[in-house]
Amino acid sequence: MVEPELTADTLFDGDLVLMQEKKGYRFSVDSVLLAHFVAAEGADSLLDLGCGCGVMPLVLARRHPGLTTLVGVELQVPLARLAERNVMENGASDRATIHRADIRQCREPYPGGPFDLVISNPPYTPLGRGRLNPLDQKAIARHEVSLSLSQLLDAAALNLSPTGTFHLVYPADRCEEVLAAAQQKKLYPRRLRMVCSHAGAPPKRLLLSFGRTPAPLLTLPPLTVHENDGSMTDEVDKMFKK
């Protein structure tokens with residue numbers, strides 16, 4: 001069997017190195033935005049549902065030394081292997097663990113849980129909408145082939161501690177849908193930030209956090225990813241560096 005070609009991609013000016021398949025599913029700016037949206041102060045434990053190559057747990061481990069237990073769950077074996085490798089090669093094995101598991105089969109909190117923080121950059125394109133990627137790895141990561149919104153929220157609620165928060169990145173045009181679905185699981189919105197590709201463009205993504213009890217919703221100013229010349233805005237550029 002021919003091993004897939006890998007690339008070494010860096011964050012934090014090269015201090016964090018992430019191995020990824022060159023032609024497989026690769027993490028996007030969405031994961032970096034969500035990792036910086038998470039309010040992790042005072043938290044000890046974190047669970048990433050659908051961790052891919054492990055980018056978000058590793059970014060959060062670096063930014064928040066108080067996180068002593070970081071767990072990633074990944075269905076796809078090649079991605080889980082890369083996550084395990086990235087955890088080891090970035091010196092996080094004493095804090096981070098990767099589980100190869102199907103989130104749909106979660107019936108009790110994963111080892112280390114319930115968690116102070118649960119995060120996810122899930123597949124969020126419904127089947128029947130958009131072009132399904134011919135590469136299974138990308139299709140599973142982007143379309144709801146193996147995980148629906150309801151199934152994701154079930155796993156998040158099951159693994160969340162009574163005072164914990166769940167953080168999610170999702171398409172902006174599905175805002176009402178995700179809010180209604182979360183309320184059915186007794187998850188209530190706490191913070192919301194819309195994400196725009198360019199200044200003046202309609203929101204493309206949203207960053208949302210939820211808690212277990214109702215509370216006033218804090219709506220943050222929109223986040224703009226790119227300048228008009230295509231470069232990253234200063235705010236987003238800094239996220240890749242610290």
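**Figure 1. Close-up of Asn 159, a buried residue at 0% relative accessibility.** In this predicted model, Asn 159 belongs to helix H5, which spans residues 149-159. Its relative accessibility lies under the 20% cut-off, and Asn 159 therefore counts as buried. The side chain of Asn 159 reaches the backbone nitrogen of Tyr 110 at 2.8 Å. Tyr 110 is also among the residues in contact with Asn 159 when neighbours within four places in sequence are left aside. The other contacts on that basis are Leu 47, Cys 106, Glu 108, Pro 109, Pro 114, Phe 115 and Val 118.

**Figure 2. Close-up of Glu 74 in strand E4.** Strand E4 comprises residues 69-74 and includes Glu 74. With a relative accessible area of 6%, Glu 74 is buried. Residues up to four places away in sequence not being counted, Glu 74 touches Gly 50, Cys 51 and Gly 52, together with Leu 79 and Ala 80. Glu 74 further touches His 99, Arg 100 and Ala 101. The C-alpha atoms of Glu 74 and Ile 103 are 8.0 Å apart in space, whereas the two residues are separated by 29 residues in sequence.

**Figure 3. Close-up of helix H2, residues 55-63.** Helix H2 is largely enclosed by the rest of the structure, because seven of its nine residues are buried. These buried residues are Val 55, Met 56, Pro 57, Leu 58, Val 59, Leu 60 and Ala 61.

Notes. Residues numbered from 1 in each chain as written. Predicted model: local features only at pLDDT ≥ 70, side-chain atom pairs only at ≥ 80, totals over all residues. Heavy atoms only, no water. Helix = DSSP H or I, 4+ residues; strand = E, 2+ residues; numbered from the N terminus. Buried < 20%, exposed > 50% of the residue type's maximum accessible area, 1.4 Å probe, protein only. Contact = heavy atoms within 4.5 Å. Polar contact = N/O pair within 3.5 Å; in protein donor to acceptor, adjacent residues only side chain to side chain.
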